[in-house]
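Open the model in a viewer and keep the selection panel at hand. The stops below go from the whole chain down to single pairs of helices.

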Amino acid sequence: MPLRPVCLQEHNDPGTARAPLHGARPRPRCKTGAVTLLEPSPPTSTPIAHALDRAAGGAPLTVDDATALLGARGADLDAVLAVAGSLRDAGLAAAGRAGVITYSRKAFVPLTTLCRDRCHYCIFVDTPGQLLKKRKPVFMSPEQVLAVVRQGAAMGCKEALLTLGDRPEERWPEARAWLDEHGFASTLDYVGHIARLITAETGMLAHLNPGVMTADELVALRPTAPSMGMMLETTSRRLHEEPGQVHYGSPDKDPALRLRVIDDAGRARVPFTTGILVGIGETVRDRAESLVALRDLHARHGHVQEIIVQNFRAKPRTAMQDAPDADLIEYVAAVAVARLVMGAHMRIQVPPNLSAPAEFALLVRAGIDDWGGVSPLTADHVNPERPWPHVDDLGAKTADLGYTLRERLTAHPEFVRDAATWLDQAMRAPVAALADPATGLAAAGAVVGHPAAQPDEGPDTFRRRVERAAADPLSLDDAEWARLLAATGDDLDALAATADDVRRYTVGEAITLVVNRNLTSSGFTRGAPTAPGAFTLDDAAAIAVDAAALGATEVCVQGLLPAEVEAEAYLDIARAIKDAVPGIHLHAYRPQDVRDLADRGGLGLDGALAAMRAVGVDTVPGTGVKVLSERVRALVAPGDLEIDGWVEGITAAHRAGFRSTSVLFYGHVETAAERIAHLRALRAIQHETRGFTEFVPIPLPGPAGGVPLVPGRAAIDEHRAMVAVSRLMLSGSIPHIQIPWTRVGRDTGAVLLRSGGDDLGGTLLDGRVKPEAGIEHGLELPVADAAAIAARMFRPFRVRTTTYGDAGARP
């Protein structure tokens with residue numbers, strides 16, 4: 001099957017081939033370097049060959065063509081991917097950005113989680129009763145929205161994604177009452193108000209995703225945002241009309257209604273994002289019909305700026321919780337066929353957090369050229385179990401696949417450059433302030449406007465200070481933070497509630513836990529174990545095997561070796577664990593332990609870290625320090641590593657590629673100022689290395705600990721203040737605040753999860769092999785018990801990995 005070269009520029013005969021990706025045979029490129037010429041293996045299926053001929057020649061595909069292509073497998077699928085990738089490359093070259101894959105740096109704003117629909121896969125929505133039990137507002141207030149987007153602006157975000165349920169006031173009286181009380185005619189009226197406020201206060205650009213809109217509503221909202229969106233999902237009427245199907249009982253998921261919205265958006269000249277959802281019960285032909293319908297609407301108006309092809313991921317506590325996730329090959333085929341149906345000039349987007357990084361290569365082969373919105377601050381509130389990749393990591397992975405990652409605005413470049421046609425007059429200046437006029441992408445070094453927070457004046461200075469802390473943590477000085485730490489009574493309640501709001505609207509509602517087992521390396525012996533807690537290399541291997549059999553994904557090892565044991569034993573323990581269970585995550589060795597290995601082992605710090613990596617250590621504990629103050633260390637823990645040594649050690653570990661926890665032990669001789677200085681130092685390290693995964697504020701027990709910062713303040717209020725200030729001060733830096741349930745107990749732990757905490761640490765399995773060899777043995781938090789804590793708080797529960805990925809376990 002000869003395929004013509006796909007090139008949208010004039011070119012000469014093929015020139016030198018570019019280096020192949022992942023061992024693929026190189027394909028020749030035209031001398032301009034603009035396009036890869038097609039040399040796929042001939043498809044074996046005549047309908048597929050015919051459809052590929054049409055796609056390569058630029059002819060519009062029919063539903064039958066698309067259906068045939070969606071069924072391609074093996075060599076046929078390779079041919080489909082080759083044509084799709086070449087079309088993508090041709091389109092990017094014609095757009096003047098050859099080899100560029102884009103993304104938008106965003107803050108996700110879940111304006112309300114009430115909705116009148118009942119989609120069977122959705123975990124985003126709440127009922128009014130659930131909101132009450134979660135202590136969550138019906139709508140985010142303007143102050144809550146600004147607290148999130150101002151932090152996003154400070155982190156370089158240019159897009160504020162407003163996502164919400166469809167027309168909640170038409171189902172829930174509570175929503176109607178809130179809107180009436182605050183002077184808004186409808187939810188969409190409030191959406192427009194918030195979008196205008198975001199741009200006016202921060203310079204960020206709103207992308208509106210409020211569901212179904214009428215033609216008049218689209219026109220009314222156009223001056224508030226450069227772009228809007230709504231997923232078509234599917235044209236299947238069966239899924240909407242048949243009882244038990246995914247969209248049954250959801251009036252806004254009527255395919256005809258959604259197609260009308262997309263058509264109306266084109267008439268209103270709104271740059272519009274839409275797409276399909278793969279794996280929700282639709283047939284292959286449904287997918288084909290959906291893609292062709294979107295192509296035809298775009299052909300009519302030219303307004304569809306991107307097609308999202310999203311893979312279904314099952315969510316717990318939904319009607320589809322037991323449904324299988326979308327099949328990878330079916331998904332990749334859908335992405336490629338979306339490219340073939342939509343053509344070279346359409347942007348095809350896949351959400352990077354819904355696929356494993358190892359799957360990115362297939363998706364790029366399938367013709368994607370956009371990763372969508374990625375947030376350095378907020379969770380994906382629609383898919384809370386799927387963390388965003390860090391932008392630097394996404395850029396590195398994209399580069400590995402032969403492409404360059406570039407930031408765009410919420411409106412795609414073609415629409416930005418033709419602002420007179422596509423942007424309302426009110427949006428042109430805000431967009432121009434952030435856009436590169438030559439490319440239409442985000443301008444390099446563009447700074448989002450970030451007005452200073454309101455001065456701390458007026459009758460309610462404490463509340464104003466709390467609001468400033470939520471919106472811009474760096475705007476408070478150390479004395480102001482210290483006053484927040486000393487809060488009592490109503491002020492403390494306001495502090496904790498605000499911190500919990502920041503937690504809710506950044507990292508999300510989920511409460512997380514890792515299934516792990518501790519092993520204290522101080523108990524290691526080369527001889528026969530005699531003392532309680534002593535263990536050998538054989539024991540370490542057996543402990544790892546037993547932990548894995550009990551469901552653990554992590555073994556945590558820390559503690560100085562006895563002086564009589566050579567330093568090489570640190571590496572031997574790690575090697576024994578990894579040899580026994582290669583797939584277990586080994587979280588091992590504090591900075592003090594690493595320093596011991598470096599000094600006594602003669603390796604030096606960098607050499608010790610390299611040796612740890614070589615034997616399988618994955619991450620390191622950031623423990624072994626109480627407060628980053630030499631005064632405190634001398635009084636409380638003189639045997640700990642010197643403060644400069646700890647900072648040097650943890651920074652070196654991060655630079656060597658190890659991520660770590662971070663801690664503060666409080667409630668002894670430290671002052672409020674020393675606690676704040678500690679948090680500020682952690683934030684500075686994080687700014688430099690990006691290595692901390694979480695922060696754990698740990699109360700030091702008696703006899704040295706248990707000292708209140710505020711005389712007479714109850715212990716639980718000491719903990720609430722510490723957790724709340726940690727959440728506020730570290731927001732935008734260290735994302736997760738872990739509650740040390742072993743120190744405060746489960747009941748107090750639940751209170752602290754309402755004060756800004758989001759994580760319960762580890763299960764701390766005792767196991768069946770030498771349970772006494774682990775620190776804090778005798779204390780366990782089974783997954784089912786942690787899930788019950790979350791359920792009583794009406795918050796989702798997620799079993800995580802050490803680095804906060806999804807471990808996939810369900811209680």
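What follows is a tour of a predicted model, in selections to be made one after another.

**Stop 1: the two domains.** Select residues 51-434 and colour them as domain 1, then select 467-799 and colour them as domain 2. If you place a marker at the C-alpha centre of each domain, the two markers lie 37 Å apart.

**Stop 2: the interface.** Now show the residues of each domain that contact the other. Domain 1 contributes 25 residues to this contact and domain 2 contributes 20. How much area do domain 1 and domain 2 bury between them? The figure is about 2,100 Å², and carbon and sulfur atoms carry 56% of it. On the domain 1 side, select Lys-133, Lys-134 and Gln-151. These residues lose the most area to domain 2, and together they account for 25% of what the domain 1 side buries.

**Stop 3: salt bridges.** Three salt bridges are found across the interface of domain 1 and domain 2. Next, select Glu-509 and Lys-136 as sticks: their side chains form a salt bridge, with 3.5 Å from N to O.

**Stop 4: helices α1 and α2.** Move to residues 46-56, which are helix α1, and residues 63-70, which are helix α2. Their axes are 9 Å apart and the packing angle is about 120°. Is this crossing left-handed or right-handed? The crossing of α1 and α2 is left-handed. From α1, show Pro-47, Ile-48, His-50, Ala-51, Leu-52 and Arg-54; from α2, show Asp-65, Ala-68 and Leu-69. By class, this contact has six nonpolar residues, one polar and two charged.

**Stop 5: helices α27 and α28.** Select residues 672-689 for α27 and 715-730 for α28. The two axes come within 10 Å and cross at roughly 35°, and the crossing is right-handed. On α27 the contact residues are Arg-675, Ile-676, Leu-679, Arg-680 and Arg-683. Facing them on α28 are Glu-718, Met-722, Val-725, Ser-726, Met-729 and Leu-730. Coloured by class, the contact of α27 with α28 shows six nonpolar, one polar and four charged residues.

Definitions and conventions
Residues numbered from 1 in each chain as written. Predicted model: local features only at pLDDT ≥ 70, side-chain atom pairs only at ≥ 80, totals over all residues. Heavy atoms only, no water. Axes fitted to C-alpha atoms, helices over the stretch in contact; angles between N-to-C directions. Helix = DSSP H or I, 4+ residues; strand = E, 2+ residues; numbered from the N terminus. Left-handed = near helix turned anticlockwise from the far one by under 90°. Contact = heavy atoms within 4.5 Å. Nonpolar A, V, L, I, M, F, W, Y, C, P; charged D, E, K, R; others polar. Domains from an automatic or database assignment. Buried area = accessible area lost by both parts, 1.4 Å probe. Salt bridge = Lys/Arg side-chain N within 4 Å of Asp/Glu carboxyl O.
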